[in-house]
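This report describes the architecture of one protein chain and the surroundings of selected residues. Please consult the sequence and the model together while reading.

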Amino acid sequence: MSHPNHPIRRVAVIGAGTIGASWAALFLSRGLDVVVSDPAPGAAEATQRLISAAWPILMELGGEAWIDPTSWRFEPDPVKAVAGVDFVQENAPERYELKQKLFPAIDAVLPPEVVIASSSSGLLVSRIAEGCRYPERCIIGHPFNPPHLIPLVEVVGGEKASRAAIDTAMAFYKAMGKHPIEIHKEVAGHVANRLQAALWREAIHLVAEGVVSVADVDAAVSEGPGLRWALMGQHMTFHLGGGEGGLAHFMHHLLPAVETWWDDLGSPNVTPELQAKLVEGVTAEAAGRSITELAQRRDTLLTQIVALKRAHDALEEKQDLNKRLDEALEESFPSSDPVAVHKAD
């Protein structure tokens with residue numbers, strides 16, 4: 001696997017849809033040699049459009065200003081595309097039958113130390129890697145859309161993945177400015193998508209029961225707890241909610257009430273009529289704004305949030321470093337007693 005004598009410099013992005021092109025933009029902005037592969041007609045042009053659109057954001061978030069955003073290569077054949085690369089990020093359609101053909105094909109031509117990471121949002125890598133010579137180098141590296149902007153990457157090893165493959169992926173994504181988390185057990189949908197699905201199920205139930213409109217259930221998230229969730233997760237949020245007693249105090253006083261809410265959560269039957277009601281509601285909420293306009297607003301605000309969090313983290317890291325440096329200096333060179341100074345008569 002990747003180590004100081006074998007750094008990751010060349011990356012293949014297999015599949016150039018929205019996710020793949022976004023990955024390509026990120027990797028390119030970080031100074032890597034990027035080759036993109038996709039058999040679809042017009043894939044090269046579509047990839048360049050997305051890279052060009054993402055480039056100003058990537059430069060704002062620390063990309064290398066000297067890089068030419070057109071300096072990537074395109075190769076429609078995935079087997080040819082992976083020749084000589086140090087890492088593969090696969091983004092084929094979310095179907096086992098496709099990935100189970102693609103993985104063995106590229107696995108067969110790569111040296112065993114090269115990690116093959118799938119962006120799959122919910123499939124199990126143990127099944128994806130069936131038929132590979134080296135299934136131990138196959139992992140999940142699931143980003144959140146858009147990958148060039150959202151920091152989270154879920155890394156899942158599966159039944160046969162080696163520790164070296166997982167460690168390589170974790171280090172690589174971190175070097176790309178991402179926030180990778182390791183998921184220790186395979187589950188459908190991984191972690192973040194399962195959390196999203198749980199919240200969406202209840203949001204649909206509340207609309208179906210006539211409790212709230214589509215727009216207002218969305219506002220209940222974006223104008224309320226969603227603002228906190230951009231800063232900390234559910235456990236830390238409730239830890240603060242417990243005051244000085246923290247999460248232990250919160251659970252002691254509020255867990256019984258929360259458990260009654262859990263018992264009352266719904267499991268809606270999403271009929272065609274309910275689907276139409278949801279579509280009608282979100283269309284009204286969009287208020288005439290196109291998907292492109294909504295995505296641009298989302299990305300502009302996300303960029304500001306990510307940049308603000310990074311700046312704050314950097315400041316905290318600097319303050320912590322200065323504190324530790326002061327403590328080390330004090331330990332090495334303890335202050336002597338102050339010199340007594342007396343005014344002359």
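## Strand β4 and its partners

In this predicted model, strands β4 and β5 run parallel and are paired over four bridges. F87 of β4 has V115 as its bridge partner in β5. Between these two strands the chain passes through helix α4, and the resulting β-α-β crossover is right-handed. Strand β4 is also joined in the parallel sense to β1, again by four bridges. In that pairing, A12 stands opposite V88 of β4.

In a regular strand, side chains alternate between the two faces of the sheet. Strand β4 shows two such directions: F87 and Q89 point one way, whereas V88 and E90 point the other way. All four of these residues are buried.

## The sheet as a whole

Strands β4 and β5 belong to an open sheet of eight strands with mixed pairing. The strand order is β3-β2-β1-β4-β5-β6-β7-β8. Its edges are formed by β3 (73–74) and β8 (179–183), each of which pairs on one side only. At the β3 edge, β2 (residues 33–37) pairs with β3 in the parallel sense over two bridges; V35 has R73 as its bridge partner in β3.

Helix α6 (residues 163–175) packs on this sheet. The helix touches β1 (10–14), β4 (87–90), β5 (115–118), β6 (138–143), β7 (152–156) and β8. The directions of α6 and β8 make an angle of about 160°.

## Nonpolar cores

The largest nonpolar core contains 33 residues. Those with the most contacts inside this core are F27, V34, F87, I139, V155, F172 and Y173. At least two core residues come from each of β1, α1 (18–29), β2, α2 (43–60), β5, β7 and α6. Beyond its neighbours up to four places away in sequence, F172 touches I8, V11, F27, L32 and F87.

A second core, separate from the largest one, comprises 24 residues. Its members include V82, V85, L102 and V125.

## The surroundings of K99

K99 is located in helix α4 (residues 96–107). Is this lysine buried or exposed? Its relative accessible area is 1%, which is under the 20% limit, and K99 therefore counts as buried. A polar atom of the K99 side chain lies 2.9 Å from the backbone oxygen of A92.

Residues up to four places away in sequence aside, K99 touches E90, N91, A92, P93, E94, P104, S118, S120, L123 and I128. The C-alpha atom of K99 is separated by 17 Å from that of T18, a residue 81 places away along the chain.

## The surroundings of S120

S120, one of the residues touched by K99, lies in the loop between β5 and α5 (125–128). Its relative accessibility is 1%, so S120 is classed as buried. Which side chain makes a polar contact with the side chain of S120? The partner is the side chain of E94, at 2.9 Å.

Apart from neighbours within four places in sequence, S120 is in contact with E94, K99, I128, I140, H142 and H190. E94 and I128 are also among the residues touched by K99.

Notes. Residues are numbered from 1 along each chain as its sequence is written. This is a predicted model: local features need pLDDT of at least 70, side-chain atom pairs count only at pLDDT 80 or more; totals for chains, interfaces and linings use all residues. Side-chain values use heavy atoms; hydrogens and water are left out. Two strands pair if DSSP finds at least two bridges between them. Contact means heavy atoms within 4.5 Å. Axes are lines fitted to C-alpha atoms, for helices over the stretch in contact, and angles run from 0 to 180 degrees between N-to-C directions. Buried means under 20% relative accessible area, exposed over 50%, partly exposed in between (1.4 Å probe, protein chains only). A polar contact is a pair of N or O atoms within 3.5 Å; within protein, one must be able to donate a hydrogen and the other to accept it, and residues adjacent in sequence count only if both atoms are side-chain atoms. A crossover is right-handed if, with the strands pointing away from the viewer, the path from the first strand over the helix to the second runs clockwise. A nonpolar core is a set of buried Ala, Val, Leu, Ile, Met, Phe, Trp, Tyr and Cys residues joined through side-chain atoms within 4.5 Å.
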